[in-house]
Amino acid sequence: MRSMASTGANIVQNVSSLSKLKSLNGIFAIYKKCGPTSADVLNSLKEKLLKEAGVANPNPRKRKKQALKIGHGGTLDSSASGVLVVGIGEGTKMLTTMLAGSKKYRAVGELGKATDTLDASGTVVHEKSYEHVTREALEEHLQKFTGDIMQVPPLYSALKKDGKRMSVLLKQGQEVEAKPARPVTVYNLTVTDFSPPLFTLDIECGGGFYVRSLVDDLGKALSSCAHVHELVRTKQGQFTLDEHALKEEQWTLERVSAALQACPPTAKPQPGQHSNAKHNNNNNNNSSSNSNTLPQPGTPEQPKDDRADGANNKD
């Protein structure tokens with residue numbers, strides 16, 4: 001009898017946890033460590049929350065339309081760490097704002113070596129002297145990369161050609177042409193350390209900006225070459241690394257619920273106005289969000305294609 005009572009209590013608790021998970025709507029920030037892709041980190045978060053909610057054998061990569069979604073608002077390179085903004089439920093509709101909003105980075109560049117990926121994860125393709133480069137010269141050149149500028153995105157990126165990510169095509173040995181330069185905004189660019197061959201920059205920029213392209217362009221402007229040795233996103237929107245980013249051991253329903261920034265209330269349509277609810281529900285995924293099916297507690301999910309959006313991205 002005690003065993004049956006215990007089982008019943010567990011079922012009630014699982015249903016309660018799942019209901020709580022389904023009720024969450026808003027955005028929050030987590031810490032992404034170096035190594036995994038942004039999609040991998042998001043899948044780990046999903047799996048932890050699903051397990052806590054009592055879902056047996058959760059498959060976080062399963063992609064299916066349903067009421068509750070989880071997504072991230074802006075890819076970080078595999079070799080980068082820092083703030084990753086996550087939307088849950090209706091919060092996935094707020095991620096477009098995160099993609100376009102202000103971001104801050106701390107980047108360590110390395111002079112004298114250029115790589116094919118423009119960061120330390122790639123293969124060195126060019127080496128050049130850097131002894132002539134001074135801090136004063138570096139600071140002077142930074143002025144050229146501040147404000148509204150034009151920037152060519154890296155070849156190794158999440159941008160697509162014929163529906164496929166350029167980084168994937170390159171790894172398959174296919175030839176890929178660089179995308180044309182596009183307008184980006186740099187609000188602030190400061191040298192915080194200069195210890196050749198390494199130098200450290202604090203960067204505040206808008207959406208669509210590539211730190212790897214900046215460091216590569218700086219190296220060329222200094223009559224040398226350079227790549228990103230280390231990259232940390234310290235702020236995205238209102239979320240900062242020190243104050244808001246939940247580390248992996250903090251990925252619980254309680255901590256996520258407490259950290260959640262609620263969605264603004266949705267205005268109800270006035271009598272006679274056409275409702276766009278159906279349209280919005282069919283279009284609430286942006287390019288950086290991933291969906292996950294939430295089965296009932298104790299129900300195993302069926303295996304599905306194990307591909308993950310964002311895998312091996314360079315963004």
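**Exercise 1. In this predicted model, decide whether H141 is buried or exposed, and find what it touches.**

Step 1. Start with the number: H141 has a relative accessibility of 13%. Buried means under 20%, so H141 counts as buried.

Step 2. Now place it. H141 sits in helix 4.

Step 3. Look for its partners, skipping neighbours within four places in sequence. H141 is in contact with L218, A221 and L222.

Step 4. Check how far along the chain one of these partners is. H141 and A221 are 80 residues apart in sequence, yet their C-alpha atoms are 7.3 Å apart in space.

**Exercise 2. Work out which residues of helix 4 are buried and which are exposed on the other side.**

Step 1. List the buried ones: L138, H141 and L142.

Step 2. See how they are spread around the axis. They cover an arc of only 110°, so they lie on the same side of helix 4.

Step 3. Turn the helix around. On the other side, E136 and E140 are exposed.

Step 4. Ask what does the covering. Strand 10, strand 11 and helix 6 are among the elements lying over the buried residues of helix 4.

**Exercise 3. Explain why helix 6 can be called largely enclosed by the rest of the structure.**

Step 1. Count first. Of the 11 residues in helix 6, eight are buried, and that's why it is largely enclosed.

Step 2. Name them: V211, R212, S213, L214, V215, D216, L218 and G219.

Step 3. Find the cover. It includes strand 4 (103-111), helix 4 (135-142), strand 7 (147-151), strand 10 (182-195), strand 11 (198-205) and strand 12 (226-236).

Step 4. Zoom in on one residue. S213, which lies in helix 6, is buried with a relative accessible area of 3%. Leaving out residues up to four places away in sequence, S213 touches L118, Q151, V152, P153 and P154.

Step 5. Follow the chain onwards. Just after helix 6, S223 takes a positive phi of about 60°.

**Exercise 4. Describe the largest nonpolar core and say which element gives the most to it.**

Step 1. Get the size: this core has 28 residues, and F199, L201, I203, F209 and V211 have the most contacts inside it.

Step 2. See where the residues come from. Two or more each are given by strand 4, helix 4, strand 10, strand 11, helix 6 and strand 12. Strand 10 gives the most, with five residues.

Step 3. Take I203 as an example. Apart from neighbours within four places in sequence, its contacts are K103, K104, Y105, A107, N188, L189, F209, V211 and L214.

Step 4. Don't stop there! A second, separate core of 21 residues includes A53, V55, V86 and V256.

**Exercise 5. Compare C34 and C225, and say how many disulfides the model has.**

Step 1. C34 is partly exposed, with a relative accessible area of 45%.

Step 2. C225 is buried, at 4%.

Step 3. Sulfur atoms must be within 2.5 Å to count as a disulfide, and the count comes to zero.

**Exercise 6. Find where you should be careful with this model.**

Step 1. Begin with the whole chain: the mean pLDDT is 78, and 68% of the residues reach 70 or more.

Step 2. Spot the weak stretches. Residues 4-12 have a pLDDT below 50, with zero contacts beyond near neighbours in sequence. Residues 266-315 are also below 50, but that stretch has 120 such contacts in the model.

Step 3. Draw the lesson: where pLDDT is low, don't read the predicted coordinates in detail.

Notes
Residues numbered from 1 in each chain as written. Predicted model: local features only at pLDDT ≥ 70, side-chain atom pairs only at ≥ 80, totals over all residues. Heavy atoms only, no water. pLDDT = per-residue confidence, 0-100. Contact = heavy atoms within 4.5 Å. Helix = DSSP H or I, 4+ residues; strand = E, 2+ residues; numbered from the N terminus. Buried < 20%, exposed > 50% of the residue type's maximum accessible area, 1.4 Å probe, protein only. Core = buried A, V, L, I, M, F, W, Y, C linked by side-chain atoms within 4.5 Å. Arc of directions from axis to C-beta.
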